[in-house]
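User: I am new to this structure and would be grateful for a close look at one part of it. Please examine the part shown below and set it in its surroundings.

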Amino acid sequence: MLNLDRLRILHAVARHGSVSGAAEGLHVTTSAVSQQMAKLERETGQQLLARNGRGVRLTDAGRLLAEHARRVLSQLELAEAELEAHRGRAVGELLLGAFPTAARGLFPAALAALRADHPQLRPRMREMEPDESVRALVRGDIDLAVVLDWYNRPLSLPGGLAKEPLLDDPADVAMPAGHPRAGARWVELADFADDEWISWPGGEFCHDWLLFTLRGQGIEPRLCHTAGEHHTQLALVGAGLGVAVAPRLGRGPLPEGVAVAPVRRPMKRHVYAVWREDADRRPSIRAAVKALRTAADGVGG
């Protein structure tokens with residue numbers, strides 16, 4: 001009889017391509033993964049992993065069993081979803097991922113509504129960047145993610161995921177109050193060609209989007225500071241240290257010394273919920289999406 005937990009570990013190794021990646025995704029040590037894989041090889045009587053330089057690769061037998069493991073785990077999730085649907089109530093633990101401004105702008109209201117309407121449901125939120133939350137969702141580390149993409153740069157989603165739009169989030173340009181364009185009804189990105197920009201950290205989806213968008217306008221951006229938190233970016237703007245893109249979701253009152261203006265060709269982020277299609281029938285997923293949509297409806301654009 002094959003052990004389900006060890007099949008889950010094999011599936012993680014196949015998905016991540018390494019023992020260390022599987023260990024990180026499963027929140028266990030690399031030695032634990034190696035020990036469980038050794039036990040699985042003894043159970044099957046076949047070699048499943050082979051040395052490949054400093055890492056490992058799946059053997060033919062390993063790839064065959066990993067594909068069966070994927071199907072077994074998918075069928076198990078489907079069974080769990082149908083049992084929850086049959087019960088007809090949102091119960092148990094629900095793990096949610098959200099990028100920072102959605103965590104601040106949507107989740108307080110959504111989580112409060114879930115607590116009031118579904119007292120047997122235990123939602124747990126983790127703040128995560130969109131790319132990270134999509135990977136966690138595919139791995140099964142979380143059940144639902146709230147992610148974003150930009151009007152001119154869609155986020156690539158792997159197969160097997162369902163999604164539902166929540167809202168479009170307009171973004172303005174934030175500038176020091178003494179900037180020549182402060183107080184304008186609208187601005188062009190070209191107005192800031194000579195300014196220094198405050199951006200998200202390198203490698204993040206929004207950082208890459210900013211470079212892509214400015215260069216598309218013929219502007220080679222001069223990045224002076226990076227900060228992952230929008231409130232930090234705005235504080236730097238207020239100190240006269242540059243300009244920044246300022247989405248409205250979760251923004252709150254502007255710091256002293258900061259002015260904002262919309263761009264004539266509007267910049268918008270598309271915000272949506274995503275979850276695994278296998279879990280589509282779970283009442284807890286549907287309840288979370290409904291609560292998030294209600295919270296999004298209450299957000300002013």
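Which residues line the largest cavity?

Analyst: The model discussed here is predicted. The largest cavity is lined by Phe99, Pro100, Thr101, Glu129, Leu148, Trp200, Glu204, Cys206, Gly228, Glu229, His230 and Arg269. About 90 Å³ of space lies within this cavity. Sorted by class, its lining has five nonpolar, three polar and four charged residues.

To place this cavity in its setting, the whole protein may be described briefly. The protein has 301 residues, of which 45% count as buried. Ten helices and ten strands are present, and the C-alpha atoms fill a box of roughly 75 × 50 × 25 Å along the principal axes. An unreviewed UniProt entry carries the annotation "domain: HTH lysR-type" for residues 2-59. Over residues 2-59, the chain is 62% helix and 14% strand, with the C-alpha atoms at the two ends 18 Å apart.

A general remark on cavities may help at this point. Rolling a probe the size of a water molecule over the atoms shows where empty space is left. In this protein the count comes to two cavities of 30 Å³ or more. The second largest cavity has a volume of about 30 Å³. Its lining consists of Thr101, Arg104, His230, Ala246, Pro247, Leu249, Gly250 and Arg251. Two elements, helix H5 (100-105) and strand S9 (244-247), each supply at least two residues of that lining. By class, the second largest cavity is lined by three nonpolar, three polar and two charged residues. Thr101 and His230 appear in the lining of the largest cavity and also in that of the second largest cavity.

Two residues of the larger lining deserve separate attention, namely Cys206 and Trp200. The cysteine is considered here before the tryptophan.

A disulfide is a covalent bond between the sulfur atoms of two cysteines. The structure holds zero disulfides. Cys206 is in no disulfide, as the nearest cysteine sulfur, that of Cys224, is 17 Å away, whereas a disulfide requires two cysteine sulfur atoms within 2.5 Å. Cys224 is likewise in no disulfide, and the nearest cysteine sulfur to it is that of Cys206, 17 Å away. As for exposure, Cys206 is buried, with a relative accessible area of 6%, while Cys224 counts as partly exposed at 24% relative accessibility.

Trp200 leads from the cavity lining to the aromatic residues, for Trp150, Trp200 and Trp209 form one aromatic cluster. The protein contains four aromatic pairs. One of them is formed by Trp150 and Trp209, which are stacked at 3.6 Å centre to centre, with 5° between the planes. Trp150 lies in strand S5 (residues 144-150) and Trp209 in helix H8 (residues 205-216), so this pair ties together parts that are 59 residues apart in sequence. Trp150 and Trp209 are both buried. Another pair, Phe192 with Trp197, is edge-to-face, at 6.3 Å centre to centre and 75° between the planes. Phe192 is buried, as is Trp197.

In summary, the largest cavity has a lining in which nonpolar, polar and charged residues are represented. Among its lining residues are Cys206 and Trp200; Cys206 is buried, and Trp200 belongs to an aromatic cluster with Trp150 and Trp209.

Methods. Residues are numbered from 1 along each chain as its sequence is written. This is a predicted model: local features need pLDDT of at least 70, side-chain atom pairs count only at pLDDT 80 or more; totals for chains, interfaces and linings use all residues. Side-chain values use heavy atoms; hydrogens and water are left out. UniProt positions are given in the numbering used here, feature names are shortened, and annotations may be inferred rather than shown by experiment. Helices (H or I, at least four residues) and strands (E, at least two) are DSSP runs, numbered from the N terminus. On a 1 Å grid over the protein atoms alone, a cavity is a set of points where a 1.4 Å probe fits but cannot get out, and a pocket is an open set with protein on both sides within 12 Å along at least five of seven lines; lining residues have an atom within 4 Å of a point. Grid points are joined across faces, edges and corners, and a volume is the space filled by probe spheres set on the points. Ala, Val, Leu, Ile, Met, Phe, Trp, Tyr, Cys and Pro count as nonpolar, Asp, Glu, Lys and Arg as charged, and the others, Gly among them, as polar. Buried means under 20% relative accessible area, exposed over 50%, partly exposed in between (1.4 Å probe, protein chains only). Rings of Phe, Tyr and Trp (its six-membered ring) pair if their centres lie within 6.5 Å; planes under 30 degrees apart count as stacked, over 60 as edge-to-face and the rest as tilted.
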